[in-house]
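Here's a quick briefing to keep beside the model while you turn it around on screen. Take a look first, then read on.

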Amino acid sequence: MSAANLILDERPRIADALSARALIEAVLEALGALSHLVGEETELVRAGRLPEAMSREPRKTELAGIYMRGVEQVKLNAVALARFVPDQVKRLKDAHLAFQNLIETNQIVLATARAVSESVIRDLAADANRPMRANGYGPAASVGAGAFARPNSGPLVVSRRL
């Protein structure tokens, strides 16, 4: 039986050390796959490859669901797991803490990418709304093209790909 199938079974009741170890291993397997995917996403966002990072979203959602169902199974069987395999429960707790640190790093990277993109859009909007000619002296004076004209006053082009 695969790890995902073990976790997806809604009614497992742990009655021995073998089934306890199998449940913990299944949850750890799901957590490992999810951690790997989140780590890849973090690195892709850091590298500015957002479309590639976002393509991993469906698989990440699937793995997160499997992991959360596994955590629920662990909670339902906490007493039996602590009795049969306390060392594995500690291993699961340690893996979960490491995953929380990975998620914190991922959130920081995503927040940074968002702040940078907002800043770029804000700067583009400010540039697009600036007057095309510099004001000269006096209330309504303007200077014609030449030395005082904006050097990049052409059309604005925005790329949707990074």
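A word on terms before the details: helices (H or I, at least four residues) and strands (E, at least two) are DSSP runs, numbered from the N terminus. With that in hand, Gly48, sitting just after α2, takes a positive phi of about 80°.

What you're looking at is a predicted model, where local features need pLDDT of at least 70 and side-chain atom pairs count only at pLDDT 80 or more, while totals for chains, interfaces and linings use all residues. Residues are numbered from 1 along each chain as its sequence is written, and side-chain values use heavy atoms, with hydrogens and water left out.

**The overall picture**

- The protein chain has six helices and zero strands, so its pattern along the sequence reads α-α-α-α-α-α, given how DSSP runs are numbered from the N terminus.
- Of the chain's 162 residues, 25% count as buried, where buried means under 20% relative accessible area, exposed over 50%, and partly exposed in between (1.4 Å probe, protein chains only).
- Take the contacts (heavy atoms within 4.5 Å) between residues at least 6 apart in sequence: 67% of them join residues at least 24 apart.
- About 11,100 Å² of the protein chain is exposed, and carbon and sulfur atoms supply 60% of that; the areas come from the Shrake-Rupley method with a 1.4 Å probe, and for residues only the protein chains shown count as cover.

**Helix lengths**

- The expected span of a helix is 1.5 Å times one less than its number of residues.
- Helix α2 has 30 residues and reaches 43 Å from its first C-alpha to its last, close to the expected 44 Å.
- For α4 (residues 57-76), the 20 residues should span 28 Å, and the end C-alpha atoms are 29 Å apart, which agrees.
- Helix α6 runs to 44 residues and reaches 64 Å between its first and last C-alpha, close to the 64 Å expected.

**How α2 packs**

- Axes here are lines fitted to C-alpha atoms, for helices over the stretch in contact, and angles run from 0 to 180 degrees between N-to-C directions.
- Helix α2 (residues 17-46) packs with α4 at an angle of about 150°, their axes 9 Å apart. That makes α2 roughly antiparallel to α4; angles under 35 degrees count as roughly parallel, over 145 as roughly antiparallel, 65 to 115 as roughly perpendicular and the rest as oblique.
- The α2 and α4 crossing is left-handed, the term for a near helix turned anticlockwise from the far one by less than a right angle (right-handed if clockwise).
- Among the α2 residues that meet α4 are Leu23, Val27, Leu31 and Leu34, and the α4 side includes Leu63, Ile66, Tyr67 and Val74.
- The axes of α2 and α6 come within 10 Å and cross at roughly 20°. That makes α2 roughly parallel to α6.
- Like many details here, handedness is worth checking on screen: α2 passes α6 in a left-handed crossing.

**What's buried in α4 and α6**

- In α4, the buried residues are Lys60, Leu63, Gly65, Ile66, Tyr67, Gly70, Val71, Gln73 and Val74.
- In α6, the buried residues are Gln88, Val89, Leu92, Phe99, Asn106 and Val109, and they pack against α2, α4 and α5 (78-84).

**Residues to click on**

- Gln88 is found in helix α6 (residues 86-129) and counts as buried because its relative accessibility is 8%. Leaving aside neighbours within four places in sequence, Gln88 is in contact with Arg21, Ile24 and Glu25.
- Leu76 lies in helix α4 and is exposed, with a relative accessible area of 52%. The C-alpha atoms of Leu76 and Arg13 are 8.2 Å apart, although the two are separated by 63 residues along the chain.
- Leu110 belongs to helix α6 and is partly exposed, at 29% relative accessible area. Between Leu110 and Arg46, the C-alpha to C-alpha distance is 8.4 Å, with their positions 64 residues apart in sequence.
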